[in-house]
Amino acid sequence: MSNPTRTTNTNTTVLITGASAGLGAAFARGFAAKGCDLVLVARDKDRLDALAGELGRRFGVSCEVLPADLLDAAQCATVAERLADRARPVDVLVNNAGFGLPAPFPYSPVEDEERMLDLLVKVPLRLTHALLPGLRERRRGAVLNVSSVAGLLPTGTYGAAKAWITAFSESLRVDMEPYGVRVLAVVPGFTRTEFQERAGMDVSALRDAVWLEPEAVVARALRDLALRRPVSITGRRYRAYALAARHLPRDFVARRMARKRRAPADRPENGG
């Protein structure tokens, strides 16, 4: 398939947050395979350097490494400045950085909840805001926001943040369409990355059938971006889940989700 982002003879440049592993690294490989130059953003410089070396050797693309903790205001500002740099234009932004928490609200420390909300909501808002003036001026480019099927139903504060990023993406897509700028919400289900382990989640009971490979999520997202779709959902199971989420009674779903999120001590079978 031809490069869905290239509109001139010069290389498209893609900035990806959370690029050191998981979906971020898969997006880096997917865009590099299409000949795009990359700006790789994450906290772990060693992993970014290793990925940049791999992609440069394999695909012959330029890979700029930009180590940053996006929850640090100064470091986030550095990434925003890179996105706003007219002399080195970025054409595509992939807002992928994020993390989850192992316990439902309010069982996690409120400071952790605030950090998660900042990374999932405030950071993509700020980075997108930095990039859009240049995209509007050049009348091309794209923003991909990695959301989650957790945002389709009442699934705690993580799901609430992901619901925001999906709604933000769909609204922004309409606003940017007259300028030739595409916006896509990428809505994966359970994907084989380091996300669950880092969040301390026990996913041992999940069947193999529910898991997606990151490469499949990225391939679907790039196809949907080329087709100018608003939302990208990989797999029949998760597309059916999304369809059900739109039609099931919200109160019924909210109660079922709430029972699943209860801390063990609060569950009726434990005397709560």
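Guide: In what follows, Ala, Val, Leu, Ile, Met, Phe, Trp, Tyr, Cys and Pro count as nonpolar, Asp, Glu, Lys and Arg as charged, and the others, Gly among them, as polar. This is a predicted model, in which local features need pLDDT of at least 70 and side-chain atom pairs count only at pLDDT 80 or more, while totals for chains, interfaces and linings use all residues. Residues are numbered from 1 along each chain as its sequence is written, and side-chain values use heavy atoms, without hydrogens and water.

Visitor: How many cavities of 30 Å³ or more does the structure hold?

Guide: Rolling a probe the size of a water molecule over the atoms shows where empty space is left. Here a cavity is a set of points, on a 1 Å grid over the protein atoms alone, where a 1.4 Å probe fits but cannot get out; a pocket is an open set with protein on both sides within 12 Å along at least five of seven lines, and lining residues have an atom within 4 Å of a point. Points are joined across faces, edges and corners, and a volume is the space filled by probe spheres set on them. The structure holds 2 such cavities. The largest has a volume of about 80 Å³, and its lining includes Thr17, Asn95, Lys162 and Ile165. The second largest encloses about 30 Å³.

Visitor: Which element gives the most to the lining of the largest cavity, and what classes of residue line the second largest cavity?

Guide: Helices (H or I, at least four residues) and strands (E, at least two) are DSSP runs, numbered from the N terminus. α4 gives the most to the largest cavity, with 4 residues. In the second largest cavity, 6 lining residues are nonpolar, 1 is polar and 3 are charged; α4 again has the largest share there, 4 residues.

Visitor: Where does the lining of the second largest pocket come from?

Guide: This pocket holds about 290 Å³ of space. Of its 16 lining residues, Leu152, Val231, Ile233, Ala242 and Arg246 are the closest to its centre. Two or more residues each come from α5, α7 (214–226), β7 (231–232) and α8 (236–247). The lining divides into 6 nonpolar, 3 polar and 7 charged residues.

Visitor: What is the span of α5?

Guide: The expected span of a helix is 1.5 Å times one less than its number of residues. The 21 residues of α5 (residues 156–176) should therefore span 30 Å, and the end C-alpha atoms are indeed 30 Å apart.

Visitor: Is glycine 30 buried or exposed?

Guide: Buried means under 20% relative accessible area, exposed over 50%, and partly exposed in between (1.4 Å probe, protein chains only). Glycine 30 lies in α1 (residues 22–33) and is buried, because its relative accessible area is 16%. Counting heavy atoms within 4.5 Å as contact, glycine 30 touches Val218 and Leu222, residues up to four places away in sequence being left out.

Visitor: In which sense do β1 and β2 pair?

Guide: Two strands pair if DSSP finds at least two bridges between them. β1 and β2 (residues 37–42) are parallel, over 5 bridges, and threonine 17 has valine 41 as its bridge partner. In β1 (residues 13–17), 5 of 5 residues are buried.

Visitor: What is the backbone geometry at phenylalanine 105 and proline 106, and what is phi at arginine 139?

Guide: Most residues other than glycine have a negative phi, and most peptide bonds are trans. The bond from phenylalanine 105 to proline 106 is cis, with omega near 5°. Arginine 139 has a positive phi of about 60° and is partly exposed, at 49% relative accessible area. Arginine 228, in the loop between α7 and β7, also has a positive phi, near 60°.
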